[in-house]
Amino acid sequence: MKTLLLSATALFAVIATKAQSFTENFNSATNGNLTTSCWVITGGTTTAQPGEAIDGTSLYTAPATNGNSKTDLYTPILVIPNSTLTVDFDYRLTQSLSGNATRTIEVGLVNLAGTLVAVNTIVMGAGTNTNIQHYSYTFTSVTPSNYRVVFRLSGANGNGNVRIVLDNINISVASLYNTSGNCEFAPIAAIILPVKMKSFTAQLNNNKVDLKWITSTEINASHFVIERSYDGSNFSDIATVFAFGNTTEEKSYQFTDNNFASDKIVVYYRLRQVDADGKQDYSSTRMIRIGKQNETAVTILTYPNPVTSEIRITIPGNWQGKKATYEVVNVNGQTAARTEVANASQTETLNTSSLVPGFYLLRVTCDNVTAIQKIIKQ
């Protein structure tokens, strides 16, 4: 049985136990009390309605969760003293889902700058019943510091009256940072993209370009559009590959481009990721050197140039898979940045954010052969 709490301070105070758990069961809670105690709610409220609430009073999405809505619930600032953090809570849907409808709960750890440092996702699809379910997940490799835990409740397609209900939140090991006077808040724009890309590669293979990519998470993903460019700025669509859709397992995709203009020196590729609601995001750009492969002089290609934070370097095709050294040399002949790759890809990326603005030479060495390209750091 829950205990009736009479004041906002008492309502949301941390239960000081040896386990240092932060708990909230929403009994006698209102949006006003939650806000006073440094919770942040967008698109949600409390309910004690039988058939909706899990245990006495619960928090649920209001308005109901449809394909375009989003509800965020941020805890007050928590002190996380260890490298692990376990989040437990109960949840349920007020109606069953059908067809291609999905509902999602994303549980994230956000630092005080609003940066998401960890996330775990629950995806509920057709056939998910309305029974009360329990969630427990342990975040690892957490840097001890102050954080908020955020719950993002969202949906896609169908069932416009479905509500997501949360209750009995327990976060350990964690303690309340400050119960009064400090509600510092930096909201995140998005917890997770429809697709979390693990890798995207492009490789020239017998006058064809093999494009391969791996996703580690897909939430309501629809498809990928492969785009090609010959100048690095103007891209055109060349193919569409359908996504798996909803998964937290790795998924592999591939496409072979054998219809590019062979007289070009370089070809650029990128992926446009499209989710079920039409939202889009882009992958990093990959470059493939096509023309002038047989010239006597060995050349490399850099992009972008001028450069700001990172530069992509395309090496000759016969250097791929070999040991290569990448160096950035300043006007005084001093090495400003250096990296060595045991198994070089045709395009490698070098971080240049620490370089001061000015002129540099980019030097790549493979098999005792060196190629040099001038670059400008803005």
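A residue is called buried when its relative accessible area is under 20%. This term will be needed throughout the tour, which concerns a predicted model.

**The whole chain**

Begin by displaying the protein chain as a cartoon. The chain contains 2 helices and 28 strands. Its length is 378 residues, of which 47% count as buried. Contacts also link distant parts of the sequence: among those between residues at least 6 apart, 69% join residues at least 24 apart.

**First stop: I122 and its surroundings**

Select I122, which is located in strand β9, covering residues 116–124. Is I122 buried or exposed? Its relative accessible area is 11%, and because this value is under 20%, I122 counts as buried.

Next, show the side chains around I122. Apart from its neighbours within four places in sequence, I122 is in contact with F89, Y91, R103, T104, I105 and Y135. Then select L153 as well: it is 31 residues from I122 along the chain, and the two C-alpha atoms are separated by 9.7 Å.

Now add F151 to the selection. Which residues form an aromatic cluster with F151? They are F89, Y91 and Y135. These three residues are also among the contacts of I122. In the structure there are 11 aromatic pairs.

**Second stop: strand β16 and its partners**

Move to strand β16, residues 221–229, where 8 of the 9 residues are buried. Colour this strand, and then colour two others beside it. Strand β19, residues 266–275, pairs with β16 in the antiparallel sense over 8 bridges. Strand β17, residues 235–242, also pairs with β16 in the antiparallel sense, over 7 bridges.

To follow the pairing residue by residue, select V225, which stands opposite R272 in β19. On the side of β17, R228 stands opposite S236. The hairpin formed by β16 and β17 has 5 residues between the strands, and G232 there takes a positive phi near 80°.

Remain with R228, which belongs to strand β16. Its relative accessibility is 12%; since buried means under 20%, this arginine counts as buried. Leaving aside neighbours within four places in sequence, R228 is in contact with N234, F235, S236, I238, D257, N259, F260, V267, Y268 and Y269. For a further view, select R286, which is 58 residues from R228 in sequence but 9.7 Å away in space, C-alpha to C-alpha.

**Third stop: two charges over rings**

Select F235, one of the contacts of R228. R270 lies over the face of F235, at 4.0 Å from the ring centre. A second example is found by selecting K251 and F244. The charged end of K251 sits over the ring of F244, 4.1 Å from its centre.

**Fourth stop: a pocket**

Switch to a surface display and look for the second largest pocket, whose volume is about 280 Å³. It is lined by 15 residues, and those closest to its centre are T201, A202, S345, Q346 and T347. The elements that give two or more residues to this lining are β14 (195–205), β21 (286–289) and β26 (347–351). Which of these elements gives the most to the lining? It is β14, with 4 residues.

**Final stop: the backbone in detail**

Return to a stick display of the backbone. Select S172 and V173, which are joined by a cis peptide bond with omega of about 5°. V173 is placed in the loop between β12 (164–172) and β13 (175–176). Another cis peptide bond joins N305 and P306, where omega is about 10°. P306 lies in the loop between β22 (301–303) and β23 (310–314).

Next, select S28, in the loop between β1 (22–24) and α2 (31–36). Its phi is near 60°, a positive value in a residue other than glycine. S28 is partly exposed, with a relative accessible area of 32%.

Finally, select N168, which is found in strand β12. Although N168 is not a glycine, it has a positive phi of about 55°. Its relative accessible area is 24%. Because partly exposed covers values between 20% and 50%, N168 falls in that class.

Note on methods
Residues numbered from 1 in each chain as written. Predicted model: local features only at pLDDT ≥ 70, side-chain atom pairs only at ≥ 80, totals over all residues. Heavy atoms only, no water. Buried < 20%, exposed > 50% of the residue type's maximum accessible area, 1.4 Å probe, protein only. Contact = heavy atoms within 4.5 Å. Phe/Tyr/Trp six-rings, centres within 6.5 Å; stacked < 30°, edge-to-face > 60°. Lys NZ or Arg CZ within 6 Å of the ring centre and 35° of its normal. Pairing = 2+ DSSP bridges. 1 Å grid on protein atoms, 1.4 Å probe; cavity = no way out; pocket = protein on both sides within 12 Å on 5 of 7 lines; lining within 4 Å. Points joined across faces, edges and corners; volume = space filled by probe spheres on them.
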